[in-house]
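Below are some comments on the model, set out as numbered points. They cover charged pairs, one helix, one lysine and the nonpolar cores.

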Amino acid sequence: MSDSLSGRVALVTGAAGGIGSAIAAALSAAGASVALADLEAPTAAAAACRGRTLALAGDVTRENDAARLVAETAKGLGGLDILVNNAAIMIERPLLEVSVEEFERTVAVNLRGVFLMARESIRAMRTAGRGGRVINIASELAFLGRAGNSVYAATKGGVVTFTRSWAREFAPDILVNAIAPGPVDTPMLGLAGMSPELRRLENSMPLGRVGRPEEIGPAVVWLAGPGSTYVTGQTIGVNGGAVMN
Ligand SMILES: NC(=O)c1ccc[n+]([C@@H]2O[C@H](COP(=O)([O-])OP(=O)(O)OC[C@H]3O[C@@H](n4cnc5c(N)ncnc54)[C@H](O)[C@@H]3O)[C@@H](O)[C@H]2O)c1
């Protein structure tokens, strides 16, 4: 087991979920202290981690909650070096059936939440003066688009653009990158309820299968660690070859 993140403190949003809990576990296995945040404190996911953890409750769409999550992480774990902006929702619906409320809720979690958590975290990183890493979780749909899922896909396109802009804005101290997962077997994707048609589509990619949550964490650990000091503004596809840049 590598200790590449020993002495580092990470905050992962959406850490009760499939990918978020696996990212938190991977960061803690690499030696980081990890604050796991979700709408309800993710105590089970925190208990599954190796080292020091905090389980925090907060809604990333609320300005006060975002500031509090960052402050509680810094106070409880001694700083903040790595933010993983992972919380998101997906309301899959043909465009002509999308309500304004559904549109606004998706934008609120997937873009406003990413903005608030990054702003609060980068403020804290700058004040501490020891650099930092921001890792945003986008989606392959930012590049592919998807019929019947355009609002979600557009928010993920926004996450990619945030990543590129913030990488320029906060260089060289704070490195900002994204990961664009392909389909991963989590409650969000609902593999169990996937139509045969969608299953065929997913299986037509080069690696011929949907990913597992634990296949995302290693890329986050690399982006958070000493091996990626010359990497910023990138969106790395962990997607079974579905998208090739
Ligand atoms: N599963 C996939 O196939 C897939 C593919 C590409 C990208 N992604 C992305 O990966 C990330 C994780 O997705 P997942 O599949 O693990 O989903 P998930 O639904 O299992 O987890 C998402 C978590 O975010 C939390 N959350 C939602 N709204 C929140 C809010 N307002 N404040 C705080 N937490 C909130 C949920 O409670 C949940 O625990 C997301 O950014 C998603 O868009 C997933």
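1. Is aspartate 3 buried, exposed or partly exposed? This is a predicted model, and in it aspartate 3 has a relative accessibility of 47%. That value falls between the 20% and 50% cut-offs, so aspartate 3 counts as partly exposed.

2. Aspartate 3 is paired with arginine 50 in a salt bridge, and their closest N and O atoms are 2.8 Å apart. The two partners sit in distant parts of the chain, 47 residues apart. Aspartate 3 belongs to the segment before strand E1 (9-13), whereas arginine 50 is in the loop between helix H2 (43-47) and strand E3 (53-57). Arginine 50 has a relative accessible area of 44% and is therefore partly exposed.

3. How many salt bridges does a search of the whole structure find? The search finds 13. Two of the pairs involve glutamate 215: arginine 209 meets its side chain with an N to O distance of 2.7 Å, and arginine 212 does so at 3.2 Å. The relative accessible area of arginine 209 is 33%, so this residue is partly exposed. Glutamate 215, at 27% relative accessibility, counts as partly exposed, and arginine 212 is put in that class by its 41%. Elsewhere, Glu63, Arg119, Glu120 and Arg123 are joined into one network by salt bridges that share partners.

4. The length of helix H6 can be checked against its residue count. H6 covers residues 150-170, which is 21 residues, and at 1.5 Å a residue the expected span is 30 Å. The C-alpha atoms at its ends are 30 Å apart, so the model agrees with the expectation.

5. Which residues of H6 are buried? They are Val151, Tyr152, Ala153, Thr155, Lys156, Val159, Val160, Thr163, Trp166, Ala167 and Phe170. These buried residues pack against two helices, H4 (100-128) and H5 (141-144). They also pack against strands E5 (132-137), E6 (174-181) and E7 (235-238).

6. Lysine 156, in helix H6, deserves a separate comment. Lysine 156 is buried but has no salt bridge. The nearest side chain of opposite charge belongs to glutamate 140, 12 Å away, against a salt-bridge cut-off of 4 Å. What the side chain of lysine 156 does reach is the backbone oxygen of isoleucine 137, at 2.9 Å. Leaving aside residues up to four places away in sequence, lysine 156 touches Ala88, Ile137, Ala138, Ser139 and Ala142.

7. In soluble globular proteins, nonpolar side chains tend to be buried together. The largest nonpolar core here has 31 residues, and those touching the most other members are Leu11, Leu83, Met117, Val134 and Ile174. At least two residues each come from E1, strand E2 (33-38), helix H3 (63-77), H4, H6 and E6. H4 supplies the largest share, eight residues.

8. Which residues does leucine 83 touch, not counting those up to four places away in sequence? Its contacts are Leu11, Met117, Ala118, Ser121, Met125, Arg133, Val134 and Ile135. There is also a second, separate core of 29 residues, with Ala24, Leu27, Ala30 and Ala45 among them.

How values were computed:
Residues are numbered from 1 along each chain as its sequence is written. This is a predicted model: local features need pLDDT of at least 70, side-chain atom pairs count only at pLDDT 80 or more; totals for chains, interfaces and linings use all residues. Side-chain values use heavy atoms; hydrogens and water are left out. Helices (H or I, at least four residues) and strands (E, at least two) are DSSP runs, numbered from the N terminus. The expected span of a helix is 1.5 Å times one less than its number of residues. Buried means under 20% relative accessible area, exposed over 50%, partly exposed in between (1.4 Å probe, protein chains only). Contact means heavy atoms within 4.5 Å. Lys and Arg count as positive and Asp and Glu as negative; His and the chain ends are not counted. A polar contact is a pair of N or O atoms within 3.5 Å; within protein, one must be able to donate a hydrogen and the other to accept it, and residues adjacent in sequence count only if both atoms are side-chain atoms. A nonpolar core is a set of buried Ala, Val, Leu, Ile, Met, Phe, Trp, Tyr and Cys residues joined through side-chain atoms within 4.5 Å.
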